[in-house]
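Dear colleague,

Please find below the structure that I am handing over to you. My notes on what was found in it follow directly after.

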Amino acid sequence: MKTAILIPARYASTRYPGKPLVELTQPDGTKKSLIEMSFNCAQRVHNPCTVHVLTDDDRIADHARGFGADVIMTSSDCDNGTERCAEAAHQIDADLIVNLQGDAPLTPPWFIDDLITAMANDPDAMVATPVLRCDAQTYAHFTQDRKAGRVGGTTAVFDNRGHGLYFSKEVIPFIDPGKLPDPIPVFHHVGVYAYRPDALKRYMTWPTGTLEAREGLEQLRFLENGHTVACVEVDGKGRVFWELNNPADVERIETALKDNAQ
């Protein structure tokens, strides 16, 4: 399959304006922006693919070109990354489009490889996304954010075929705080998507759904319109995974970068 990895990035984030340009301290003491770290992850994917940064902001575009990224300018009318990918898809020759959201610098490249492989092995799958079983530390991050009133990561529940049932900013399914089981039955949704081009075309014909608007989760538009989203379980291999959702996440991610480098 001809595969293109698209990294949508907008400056005007509601919770964290300018987020793609936020610099994170690397284990060696140097600094890299969030968008450059995402680009570097895409370059390490084993499956052959092209990589493009999508944005409507000249500041992000100039910065991305500065570290060697190919940039596709998209309109400011896009409400989310999937819409930005759908707009850019018309300029790309690809059988599979991967949306690598630019706020997850801890995404290992094998998450993307596993997603591409899953789509190659299931030609009927139109949309897929990775999910990662929570360890105790990640589960604690989820519950701490909710107690503090912060909107943090996303959780996913799916059926025994791996088809997504729901995605939420709440921590689901519910677990009795005094009875934390092992393994923990909560799955962290990894902010990466793989789409067939036809799925993106259909997405743009549907209005924003009620659940999508409430949760602020673009993938719910597929579920609200009866479209299957395949959940591909990935292996963290002992590494911490977390997205940069709020300023408080900077320290968490920088600590994880150091831990992952050891």
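**A loop with two cis peptide bonds**

P173 lies in the loop between β9 (164-168) and β10 (187-189). Please bear in mind throughout that the model is a predicted one. The peptide bond that leads from I172 to P173 is cis, and its omega is near -5 degrees. The loop between β9 and β10 also holds P183. D182 and P183 are likewise joined by a cis peptide bond, with omega at about 5 degrees. As a rule, most peptide bonds are trans, and most residues other than glycine have a negative phi.

That rule on phi leads to another loop, the one between β12 (230-233) and α9 (249-261), where K237 is found. K237 is not a glycine, yet its phi is positive, near 50 degrees. Is K237 buried or exposed? Its relative accessibility is 55%, and because the cut-off for an exposed residue is over 50%, K237 counts as exposed.

**A covered strand and its partners**

Strand β4 covers residues 50-55, and five of its six residues are buried. Which strands pair with β4? Strand β1 (residues 3-9) runs parallel to β4 and is joined to it by six bridges. Strand β5 (residues 70-73) also pairs with β4 in the parallel sense, over four bridges. V53 of β4 has a residue opposite it in each partner: I7 stands opposite V53, and V71 in β5 does so too.

**The chain as a whole**

The protein chain contains nine helices and 12 strands. Its C-alpha trace spans about 50 × 45 × 35 Å along the principal axes. For 262 residues, a compact globule would have a radius of gyration near 18 Å, and the 17 Å of the protein chain agrees with this.

Of these 262 residues, 56% count as buried. Among contacts with a separation of 6 or more, 69% are between residues 24 or more positions apart. The exposed area of the protein chain is about 11,900 Å², of which carbon and sulfur atoms supply 48%.

As for charge, the protein chain carries 26 positive and 37 negative side chains. The centres of these two sets lie 3 Å apart.

With kind regards

How values were computed:
Residues numbered from 1 in each chain as written. Predicted model: local features only at pLDDT ≥ 70, side-chain atom pairs only at ≥ 80, totals over all residues. Heavy atoms only, no water. Rg over C-alpha atoms; globule rule 2.2 N^0.38 Å. Buried < 20%, exposed > 50% of the residue type's maximum accessible area, 1.4 Å probe, protein only. Contact = heavy atoms within 4.5 Å. Areas by Shrake-Rupley, 256 points an atom, 1.4 Å probe, with all protein chains shown as cover. Lys, Arg positive; Asp, Glu negative; His and termini not counted. Charge placed at Lys NZ, Arg CZ, Asp CG, Glu CD. Pairing = 2+ DSSP bridges.
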